[in-house]
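Please open the structure in your viewer and keep the selection tool at hand. This tour proposes one selection after another and says what can be found at each stop.

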Amino acid sequence: PSAEDEARAQRLYADALGAFWLEDWERAIRSFRQVLETRSGYRDAAARLAEAERQARLSALYAEAQAARQTEDWPRAERALNDLAAQQPDYRDAPALLAETRRRGQLASLYAEARQLREAEQWQAVLNVLARIHTLAPDYPDTQGLEGAAREALARREREEQLDGLYTRAQLALGEGRLAEVLGPEYVPRDRFARLLAFRGTWDAAFTRYHPEGRAICESFALG
């Protein structure tokens, strides 16, 4: 090689080496390639070029993972970090990022399941999923108010069941002279009357046993 080529290769190598240690991988790759074009086999330029290209790929994966994390695209972030770990397991803080990304992805998936259960009105299941989330991350935000909606719906269902039960008990107690036990002391006179008649069971059942249209027949008779 000529002295001019040697000097050019030396300058390019110095520029490439500086870019290498500054982690400016694009410039390092470009400069090492120019070194090798000027002088094939110059010092360790080929090895440095290969390492700069590898580091550029790792840096791109890291940047992709960070961008995906910013938009909470956890599956994409996990894929990038898995690829990064496969090539260099100890790259920067990638191991910690991968663990945190997996945790955040799991939480997001659980919350999506809770939303789906809300649409199906599976309220207790919603609360169970949220309890699991809070075990993993006590401060995880319930952005759509799922817990409040579930508790309100369950309380409403419980009230309805209580009213249904009260109605059934009242129906049974009506003919047995025990209505006051269900609805209060103001029904004592009605209980006395029912016991005087010694009626047992419910009026609806009694009417039906008399005739399928028993209630209508008796009401018509009472109205004349």
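Throughout this tour, two residues are said to be in contact when heavy atoms of theirs lie within 4.5 Å. Please also keep in mind that what you see is a predicted model.

Begin with the whole chain, coloured by secondary structure, where you will find 11 helices and 0 strands, so that the order of elements from the N terminus on is α-α-α-α-α-α-α-α-α-α-α by the DSSP runs used here. Of the 224 residues in the chain, 30% are buried, and if you switch on the surface, you are looking at about 14500 Å² of exposed area, 51% of which is supplied by carbon and sulfur atoms. Among contacts between residues at least 6 apart in sequence, 49% join residues that are at least 24 apart.

Next, select residues 123-136, which form helix α6. At 1.5 Å a residue, its 14 residues should span 20 Å, and the C-alpha atoms at its two ends are indeed 20 Å apart, so the expected and the computed span agree. Now show the side chains of Trp 123, Val 126, Leu 127, Val 129, Leu 130 and Ile 133, which are the buried residues of α6. Because these residues cover an arc of only 165 degrees around the axis, they sit on the same side of the helix.

From here, move to the largest nonpolar core, which has 16 residues, and select Tyr 111, Leu 130, Ile 133, Tyr 140 and Leu 146, the members that touch the most other members. Two or more residues of this core are given by each of α5 (94-119), α6 and α7 (146-176), and α6 provides the largest share, with 6 residues. In soluble globular proteins, nonpolar side chains tend to be buried together.

Which residues is Leu 146 in contact with, leaving aside its neighbours within four places in sequence? Select Leu 146 and look for Tyr 111, Ala 114, Arg 115, Arg 118, Val 126 and Leu 130. A second, separate core of 15 residues can be found by selecting some of its members, including Phe 20, Ile 29, Ala 45 and Ala 52.

For the last stop, select Thr 38, which is found in helix α2 (residues 25-38). Is Thr 38 buried or exposed? Its relative accessible area is 19%, and because buried means under 20%, Thr 38 counts as buried. Not counting residues up to four places away in sequence, Thr 38 touches Asp 5, Arg 8, Ala 9 and Leu 12, and a polar contact of 3.2 Å joins the side chains of Thr 38 and Arg 8.

Definitions and conventions:
Residues are numbered from 1 along each chain as its sequence is written. This is a predicted model: local features need pLDDT of at least 70, side-chain atom pairs count only at pLDDT 80 or more; totals for chains, interfaces and linings use all residues. Side-chain values use heavy atoms; hydrogens and water are left out. Helices (H or I, at least four residues) and strands (E, at least two) are DSSP runs, numbered from the N terminus. The expected span of a helix is 1.5 Å times one less than its number of residues. Buried means under 20% relative accessible area, exposed over 50%, partly exposed in between (1.4 Å probe, protein chains only). The arc is that of the directions from the helix axis to the C-beta atoms. Accessible areas come from the Shrake-Rupley method with a 1.4 Å probe; for residues, only the protein chains shown count as cover. A nonpolar core is a set of buried Ala, Val, Leu, Ile, Met, Phe, Trp, Tyr and Cys residues joined through side-chain atoms within 4.5 Å. A polar contact is a pair of N or O atoms within 3.5 Å; within protein, one must be able to donate a hydrogen and the other to accept it, and residues adjacent in sequence count only if both atoms are side-chain atoms.
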